[in-house]
Amino acid sequence: MTGLTPAAERRTRILQEAVRQGLLDAGRSQLAAFVDLDGVAATVASLHRAFPSAPRVLHAFAAKANCLVPVLAELRRLGMGCEVATAGELARALAAGFAPDRIVFDSPAKTEAELRHALDLGVAVNADNYQELARIDRALGGRVPVSRIGVRVNSQLGGGSIAAMSTATSTSKFGVPLADPGSRQRLLRAYHDHPWLTWVHTHAGSQGCPLDLMAGGVGQAVAFAEEVNASLGRRQVVGIDIGGGLPVNFADDETTPTFDTYVRQLRAQAPALFSGGYEIVTEFGRSVLAKNGFTAAYVEYTKSMGGRPIAVTHAGVQVATRTVFNPDAWPLRIEAHDGSGRAKRGGPVRQDIAGPACFAGDLLARDRALPLLEPGDLITVPDTGAYYFSTPFHYNSLPEPAVYGVRTSGDGGGVRFELLRPAQDPWDVPGPDGHAVPGRRREYEPVHGVG
Ligand SMILES: *Cc1c(COP(=O)(O)O)cnc(C)c1O
């Protein structure tokens with residue numbers, strides 16, 4: 001009756017309850033973000049259903065997509081592993097309680113110390129290049145590793161629609177090339193020389209890569225594994241890590257493509273992956289979290305400039321960095337609500353939705369048709385559960401907003417919030433010597449006191 005999709009209805013319900021409980025408040029708390037934990041559970045279940053479980057599949061969530069420790073802990077409870085790309089992400093995965101053998105460490109710049117730490121813990125490691133392989137060999141010193149160790153290969157099949165997200169190009173910085181002259185033979189020799197190399201890893205890229213490119217890259221990785229095993233006359237390579245990269249639909253509330261669609265594509269282009277001869281690791285990030293999170297912000301002021309209505313909101317580059325700096329590649333939807341969180345009515349008016357930062361490009365949307373926004377209204381920004389509010393940009397000393405987990409399942413179906421990350425206090429700043437100064441807020445508040 002409202003004309004809203006079920007997902008939009010749910011956001012509206014969560015938003016109204018957040019206002020009612022004071023999590024959003026035009027005077028005190030103008031920006032907050034929400035992770036739909038029921039939605040996350042449903043998405044993870046769909047991922048588990050899509051892949052056959054034999055002989056063993058580990059779905060390792062790419063921590064960079066949403067690195068909040070309580071989110072990672074929730075994914076662990078839902079049966080996922082964790083893919084980490086830096087020492088910081090490794091620390092977060094361990095803090096979230098992942099067992100080391102359910103963590104996969106990918107990074108093109110692992111230091112000697114980081115490698116030793118990962119190998120000591122038994123964290124799986126995918127080497128990015130030959131120099132790293134030599135370091136691993138030295139660190140092992142002839143020992144049989146506890147860790148699963150693989151090499152990241154680059155099929156060099158090509159890029160997708162966003163150059164910065166494409167990792168399977170002929171000159172990508174990631175992995176060992178498969179198509180360059182002599183490269184395949186050199187890598188084959190490395191597998192011969194290092195019997196502890198038992199995995200092959202590939203990740204063709206993120207958002208913007210077509211499914212046939214991703215599946216084609218996996219096909220190349222599996223073909224290389226088959227070649228290693230055939231030339232050795234034994235099954236040294238026991239597992240394929242197919243990476244992540246399933247794109248997300250940012251245009252509406254439909255989840256497309258689905259994990260099922262991707263698995264069908266993999267069966268067509270990399271059938272040996274499911275032959276039963278290989279364990280499988282996946283590393284999905286955006287497709288697990290993006291559609292299960294949204295950002296909400298109050299409109300502070302509105303104006304008209306050169307005939308264009310502009311709404312100045314509290315959500316901008318600090319929570320939507322990619323969209324602000326590269327709006328054509330990363331368009332986001334905006335939804336208009338009144339101050340209580342109800343969907344706003346009114347004919348569409350083309351307007352700009354601006355953020356709070358002090359540069360002219362800080363716009364979430366340009367020339368977007370929405371009911372005309374007014375001061376005190378709220379906007380929501382759907383599909384921001386991955387790579388947005390969880391990875392804030394600290395420009396202008398804009399504070400990190402609070403992030404709340406939301407559940408409505410069980411307990412009579414009410415909306416329940418749990419704090420996943422507290423809002424950063426903008427008054428919590430270091431003194432001139434760089435050290436934290438406790439009580440600074442109390443010291444300054446009377447001066448700047450707002451009645
Ligand atoms: C970023 C990344 C992922 C996750 O990509 P998504 O597009 O979020 O699924 C997985 N593996 C590697 C190696 C990555 O760099």
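How far is an oxygen atom of the ligand from an N or O atom in the side chain of Tyr-387? In this predicted model, the separation between those two atoms is 2.5 Å, and it belongs with the polar contacts, defined as pairs of N or O atoms within 3.5 Å.

Two further polar contacts of the ligand involve the backbone.

| Residue | Partner atom in the residue | Distance to an oxygen atom of the ligand |
|---|---|---|
| Gly-245 | polar backbone atom | 2.8 Å |
| Arg-286 | polar backbone atom | 2.8 Å |

Taken alone, the ligand exposes 390 Å², of which the protein buries 94%, with accessible areas computed by the Shrake-Rupley method with a 1.4 Å probe. The ligand is surrounded by 14 residues, the closest being Lys-64, Gly-245, Glu-283, Arg-286 and Tyr-387; a residue is counted if one of its heavy atoms lies within 4 Å.

Helix H5 spans residues 112-121 and has Leu-115, Ala-118 and Leu-119 as its buried residues, where helices are DSSP runs of H or I with at least four residues and strands are E runs with at least two. Seen down the axis of H5, these buried residues fall within an arc of 95 degrees, so they line one face of the helix; the arc is taken over the directions from the helix axis to the C-beta atoms. Ala-113 and Asp-120, on the other side of H5, are exposed. Buried means under 20% relative accessible area and exposed over 50%, with a 1.4 Å probe and protein chains only. The buried residues of H5 pack against strands S4 (103-106), S5 (124-127) and S6 (149-154) and against helix H6 (130-140), contact meaning heavy atoms within 4.5 Å. Just after H5, Gly-122 takes a positive phi of about 90 degrees.

Residues are numbered from 1 along each chain as its sequence is written, and side-chain values use heavy atoms, leaving out hydrogens and water. Local features need pLDDT of at least 70 and side-chain atom pairs count only at pLDDT 80 or more, whereas totals for chains, interfaces and linings use all residues.

Definitions and conventions. Polar contact = N/O pair within 3.5 Å; in protein donor to acceptor, adjacent residues only side chain to side chain.
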